[in-house]
Structure formats: structure tokens, C-alpha cells
Amino acid sequence: MVWRATRWRVRSSGDAVSDVLVIGGGIVGAAITERLVRDGCTATLVERGGIGREASYAAGGLLTPVHPWNYPASMLQLDAESLGLWPDLVERLRRETGVDVELRRTGLLTLIVTDDDEAEADRRVAWKRERGERVERLSASEAGDLEPSLHPETRGALYLPDLAQVRNHRVAPALAAAAAKAGADVREQTTVLGLLRENGRVVGARTTAGDLRAEHVVLAAGAWSGGLLGDRAPPAARTRPARGQILLLRARPGELQHMVLAGDQYLVPRADGHVLAGSTVEDVGFDRQVTVSGLRRIAASIERMAPGLASAPVETAWAGLRPDTPDHLPVLGHVEPGLIAATGHYRSGIMLAPVTAEIVRELVAGEGRRDLSPFDPHRASG
Ligand SMILES: Cc1cc2nc3c(=O)[nH]c(=O)nc-3n(C[C@H](O)[C@H](O)[C@H](O)COP(=O)(O)OP(=O)(O)OC[C@H]3O[C@@H](n4cnc5c(N)ncnc54)[C@H](O)[C@@H]3O)c2cc1C
């Protein structure tokens, strides 16, 4: 589907050329396109399937890392900046497209389940408070009062009242619609087959709809990004898929009010009563099937966290492929002249989409004002 014709410039050679060609219409590519056209660029967004149907659909929509204490300072800084950009983005999408992506501060209860959680709880409280975040350590009965669905044997919880979520599957389509409204050329069902290079510079892409040329090409093809670079991919930019499965329950609205986390497993209550339960992290290649063993693990975690939900009807289940990298950090920066990577967001791409769009805008504009070395495609990578 072609959403809207772009304002093409025509070179003297006769080739149509836009300022920026964005490859991949997930939340990252759509956010970048929307940001660039708002800045006055001409931009084309090319998506192999439908906008936002891959990892960006499959996610849980938590706007927080699952275990922030395990992240390097450079990532925490990106997280903080991105979180600050979300409210404006949500407002803009509502105004420009009428779509409500349901940014809701439902708060998060991190359950104290293991001896290790118990031992770490005070340190984590201190870690959060040092960063100026509100956090409380709750006893078992306080946690139960706040969230009656919790397992009666829950030992306690850390309560983070400010943490938020979005209805992630709505975000990329809304961003693409806003971008198209502002003049972007959004092309679905158009596959990039390879990059066009001339005189040592990437100048566009070969697609199933012909060649598309641009001054800058942005690679935002999620788990598939590394494949498009082929042998030229620097090690840090060799993205690989990390499958995650989600089970969607249909509970009563309000039955679960807070996001709940235990270890790596979480429950995310939507405003309409749906509860997402997830997720697995599996190294199975480009396979996004839902499996019995994956669902069994998720079902067991529901029973451990909020056993009452075990009798809620299952609406559906799905899986998506997170774009992982060897060091699990995003890849943001020039891969080669003319080609900017904006990929590898692994478990944080929903949260990081707004700041990623801002970073790409700066790179396109040639504003070298931030240190991107931890995310450099050419960094030494584990
Ligand atoms: C189960 C699960 C739970 C998650 N939970 C969270 C969460 O709670 N919070 C969070 O922040 N993140 C979460 N994530 C991670 C997040 O979903 C990803 O980091 C993010 O969606 C990556 O966005 P993307 O646009 O880079 O990739 P994608 O959404 O995968 O988009 C890439 C797009 O590129 C397209 N493409 C690929 N190759 C080509 C080609 N050759 N030509 C044209 N188009 C191409 C694809 O079709 C796809 O639409 C979760 C992920 C999963 C799977």
C-alpha cells in the first residue's frame, strides 16, 4: 500500500531522490520517519509486510527495562531521555491521527520471590532512590492490599508507582500515519533486496518496487538488519532474533491493576481488562511460532504471580523476534558513508523508539553533539 506520495526532488540525472530512505516499518523506522518529516526532510519508509506487524506488535509495552540495575549507564541515560519524550509523542499521535496509544502509569510491582530477590531488595531500593525514582519496599500484606490478585505466598514486592506502559501495537501504525500526513512516502509490501552503493557510499536500496535513492539510508529492519548488511556487517551490528512468546488473557477490567514482574516474567494489564503474560527469550532463529513449551512456562509464571488469572479465558498467543546484538546493546550510528543503523534494540525498542528517532535526526542533520560510542556499529563487541 502506498500511503502518500512524497515530495520527491529530481536530480539532474533524472533519478527521484528523497533526503532519507528508512528501511523497516517497525516502531523504530516509523518513529524515525515521523521525526524526520516533522523536521522538514523528505522521507520514504519501506516495509516488507504491514507497518508494525513484527516485534513492535509482539511486545509487552513496558516503558522500563525489566532489570535496570543490570544495564550500563549509557543505556540508562537513553532510557531516561526516551521516557521524557513519550508524553509529547502520545499527544502528537492523538492530535494528528486520533489514535490513543494508552500511555498509562500503572506502576510496577517487582515481586520478591527468591532468597536472592530478598537479599537484593534493599540494594535495589537504594539504587532507584539514588536516581530520584520513587520506590517502596512492601511487605507481603501491603503488596496484597495493593494488588489483591497476587499469590498469597508472595514474600513482598518493590513498588515503582511511576512506571508506565503503552499499547504498543498501536504505536507504529499511528506513527506511520502521522508521518504520511506530514508528507512521508510510506510503502508497505515493499521488500528491500539490497543496498545501492556508488563511489564508496550507500545511495539507496534495490526493492521489489524498483530502486529508491536517498541522501541518507537508515537501516531499521529489526532482527533482519544484520542480514541486509551481509558480509559487510561489523560484528556489533550482526543482529540476531531472540524469540519472545506472549499469552493474552481476557480478565475483567481492573482485576489486575499494576504491572507485575517476577524474575523475567511479567503481567501487563490493559485498560480494557486484557492482560499480557510473557515472555520467553529463545534462541531459535527466524521462527516466530508459538510453542507448547513456551506457553507452559508462561502459564506456570501466571500461576506463581497471580493464580486467580489462571482461570481467565485465553484470547490468543503470539511470538515476535527481538532484534538482539552480541552485547545486547542497540546499534546507532554510521555503518558506512550514507548508511545509518538504528537497530538492535533487543528488549527495549518500544521504550527507546522516541530517543532513537531523535538520534537519527541529529545524525542526518550532522549534529555530532552526543557520545554514541557505546552504540557505535564499529564498537568492539562481545
Ligand atoms: C515478546 C516481546 C516482548 C517485548 N516487550 C518489550 C517491552 O515491554 N518494552 C520494550 O521497550 N520492548 C519490548 N520488546 C522489544 C521490542 O518489541 C523491540 O525492541 C522493537 O519492537 C524493535 O523494533 P524495530 O522497529 O527495530 O523492529 P521490528 O518491529 O521487528 O520492525 C522491523 C521491520 O523491518 C521490516 N523488514 C525486515 N526486513 C526488511 C526488508 N528487507 N525490507 C523491508 N522491510 C523489512 C520487518 O518486516 C519489520 O516490520 C519486546 C519484544 C518481544 C518479542
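This report describes the ligand site of a predicted model and then turns to two points of backbone geometry.

## Location of the ligand

In this predicted model, the ligand sits in the largest pocket. Because domain 1 (9-58 + 170-239 + 327-375) and domain 2 (105-163 + 240-324) both give residues to the shell around the ligand, the ligand lies between these two domains.

Several elements of secondary structure take part in that shell, and at least two residues each are supplied by the helices α1 (27-38), α2 (55-58) and α9 (349-365), as well as by the strands β11 (240-250) and β15 (314-324).

## Composition of the shell and polar contacts

There are 38 residues around the ligand, and among these Glu 47, Ser 56, Leu 62, Tyr 346 and Met 351 come nearest. Sorted by chemical character, the residues of the shell comprise 18 that are nonpolar, 15 that are polar and five that are charged.

Polar backbone atoms approach oxygen atoms of the ligand at three residues listed here: the distance is 3.1 Å for Gly 61, 2.9 Å for a backbone N or O atom of Leu 62, and 2.9 Å for Met 351. On its own the ligand has 1000 Å² of accessible area, of which the protein covers 98%.

## Backbone geometry in two loops

Most residues other than glycine have a negative phi, and most peptide bonds are trans. Against that background, the peptide bond from Gly 278 to Ser 279 is cis, with omega near -5°, and Ser 279 belongs to the loop that runs between β14 (274-278) and α8 (292-305).

Asn 199, although not a glycine, has a positive phi of about 50°; the position of Asn 199 is in the loop between the strands β8 (192-198) and β9 (201-207).

Definitions and conventions. Residues numbered from 1 in each chain as written. Predicted model: local features only at pLDDT ≥ 70, side-chain atom pairs only at ≥ 80, totals over all residues. Heavy atoms only, no water. Near = heavy atom within 4 Å. Polar contact = N/O pair within 3.5 Å; in protein donor to acceptor, adjacent residues only side chain to side chain. Areas by Shrake-Rupley, 256 points an atom, 1.4 Å probe, with all protein chains shown as cover. 1 Å grid on protein atoms, 1.4 Å probe; cavity = no way out; pocket = protein on both sides within 12 Å on 5 of 7 lines; lining within 4 Å. Sits in = over half its atoms within 2 Å of the grid points. Helix = DSSP H or I, 4+ residues; strand = E, 2+ residues; numbered from the N terminus. Nonpolar A, V, L, I, M, F, W, Y, C, P; charged D, E, K, R; others polar. Domains from an automatic or database assignment.
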